[in-house]
Amino acid sequence: MPDTMGRSARGDLSRAGRARTGNDTTDTTDTTDTNGATSPDGAVGAGRDEKVDAQVVGLLDTDGVRHRDPELDRWLADVDAGTDEADATLLRLYSDMVTARRLDTEATALQRQGELALWPPLLGQEAAQVGSAHAMREDDFVFSSYREHAVALVRGVTPQQLTPVWRGVTASGWDPYSVGMATPQVIIGAQTLHAVGYGFGILCDAEREPAGVPADGTAAVVAYFGDGAISQGDVNEAFVFAATWATPVVFFCQNNQWAISEPVALQSPVPLAARATGFGMPGVRVDGNDVLAVLAVTRAALHRARTGGGPTLVEAVTYRMGPHTTADDPTRYRDADEVAAWAGRDPVDRFATWLRARGTLTDEAEQRTRAAADDAAAALRAGCIATVDPPPLAIFDEVYAEPHAGLAAQRDAYAQYLGSFADEDEHADAAGDGVTGGAR
């Protein structure tokens with residue numbers, strides 16, 4: 001485990017005494033990014049002693065026109081190659097965005113029809129989620145909040161696995177280790193601490209077995225949260241821990257402008273990414289409705305994390321087009337003109353416009369994409385409706401790895417409670433002259 005008390009730790013808190021591995025290639029020379037901010041290793045963002053520029057970086061404008069940016073473009077060489085493989089990658093990004101939106105629409109309808117207890121829509125945030133998720137390696141790990149359905153899809157979660165939690169029949173819809181993504185966290189911001197702890201474990205593994213670290217650096221962690229979470233104590237504690245220990249974590253904040261019914265300006269008079277400076281890590285604001293820019297920025301931040309540069313705070317500026325959850329009515333606190341203005345910045349339409357202009361998205365490809373999205377939605381619906389409610393006592397299964405007397409006592413008490421309803425049914429049947437289903 002890294003030494004917290006040694007001289008090197010006291011002298012360099014940014015690394016907390018972490019020993020360099022053979023793959024630690026951090027360059028402390030500052031380079032200037034396109035916004036005038038500085039960052040180590042040429043990564044997009046601000047350096048430890050610099051302010052974060054308020055400008056939002058991007059590559060695709062609202063009309064779907066691509067602009068060049070040396071700092072961002074260097075992370076997109078594969079998608080800019082002009083090859084069949086590059087076109088396939090771009091179509092995959094588009095397909096994932098379209099599918100995520102279609103599934104979101106289907107799940108919202110299922111909740112309105114009484115099949116789901118609740119659903120947190122992601123409408124409008126597809127580019128932020130798909131772009132960042134595609135920047136990750138297979139061995140990376142995700143800790144998310146409850147709205148990252150598109151991230152889950154990219155990581156390998158099936159449509160049928162998205163709904164059981166929201167139907168209220170299980171605590172997790174998938175095996176976290178099979179897809180590299182933890183169960184969505186409903187407690188606001190708690191997942192950021194989990195992410196930092198996981199990242200610290202990556203560092204410990206790398207120091208114990210440096211030969212096992214891949215040539216392009218260690219695995220990394222991405223923690224997703226919304227603008228409403230950034231003022232939570234857990235999140236700020238995670239920032240402190242991550243910056244102090246240089247854990248390989250990317251804090252990905254989807255600033256969708258509304259923390260339920262409160263606007264983001266109410267909690268922060270400065271850009272959210274600017275908070276990174278106070279914790280000693282870079283911060284970058286990216287157009288969250290621009291999937292290419294999000295992909296580039298997240299790749300840069302992950303590279304920094306993998307190679308010993310520590311955490312980065314990414315603020316993806318986007319917009320929640322729908323309600324906070326299906327239990328919310330955004331018309332009570334949002335102006336219709338604001339929603340209309342953001343609709344003009346639609347991430348899916350913007351990307352499609354650019355893909356069509358370059359000849360990548362043909363009518364045939366569009367039809368295939370829409371058909372695949374419809375098939376995924378049908379699978380989600382069928383899986384949701386076919387879900388079988390678990391027996392009541394199953395809630396006590398797999399709580400502890402070893403037998404636990406306290407839990408066993410609770411289970412017995414609950415079983416007796418459930419049994420009392422059977423006694424009432426028997427008495428009611430007797431009162432009905434032995435006719436089952438008599439008046440009660």
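This text walks through a parallel sheet, the helix that crosses it and one buried residue of that helix. The model is predicted.

Start with the sheet. Strands of a sheet pair through backbone hydrogen bonds, either parallel or antiparallel. Here the pairing is parallel. The sheet is open and has 5 strands, in the order 3-4-5-9-8. Strand 3 (141-143) and strand 8 (283-287) form its edges. Each of these two pairs on one side only. On average, neighbouring strands of this sheet are turned by 20 degrees against each other, direction ignored.

Now look at one edge. Strand 8 runs parallel to strand 9 (residues 312-317), and 5 bridges join the two. Within this pair, Val-284 stands opposite Val-314 of strand 9.

Next comes the helix. Helix 9 lies across strand 4 (221-226), strand 5 (249-255) and strand 9. Its direction makes an angle of about 150 degrees with strand 5.

Zoom in on Phe-239. This residue belongs to helix 9, which spans residues 233-245. Is Phe-239 buried or exposed? Its relative accessible area is 0%, so Phe-239 counts as buried, the cut-off being under 20%.

Which residues does Phe-239 touch, leaving aside its neighbours within four places in sequence? The contacts are Phe-225, Ile-230, Phe-251, Phe-279, Met-281 and Leu-313. Take Leu-313 as one of them. Phe-239 and Leu-313 are 74 residues apart in sequence. In space, their C-alpha atoms are 8.8 Å apart.

Technical notes
Residues numbered from 1 in each chain as written. Predicted model: local features only at pLDDT ≥ 70, side-chain atom pairs only at ≥ 80, totals over all residues. Heavy atoms only, no water. Helix = DSSP H or I, 4+ residues; strand = E, 2+ residues; numbered from the N terminus. Buried < 20%, exposed > 50% of the residue type's maximum accessible area, 1.4 Å probe, protein only. Contact = heavy atoms within 4.5 Å. Pairing = 2+ DSSP bridges. Axes fitted to C-alpha atoms, helices over the stretch in contact; angles between N-to-C directions.
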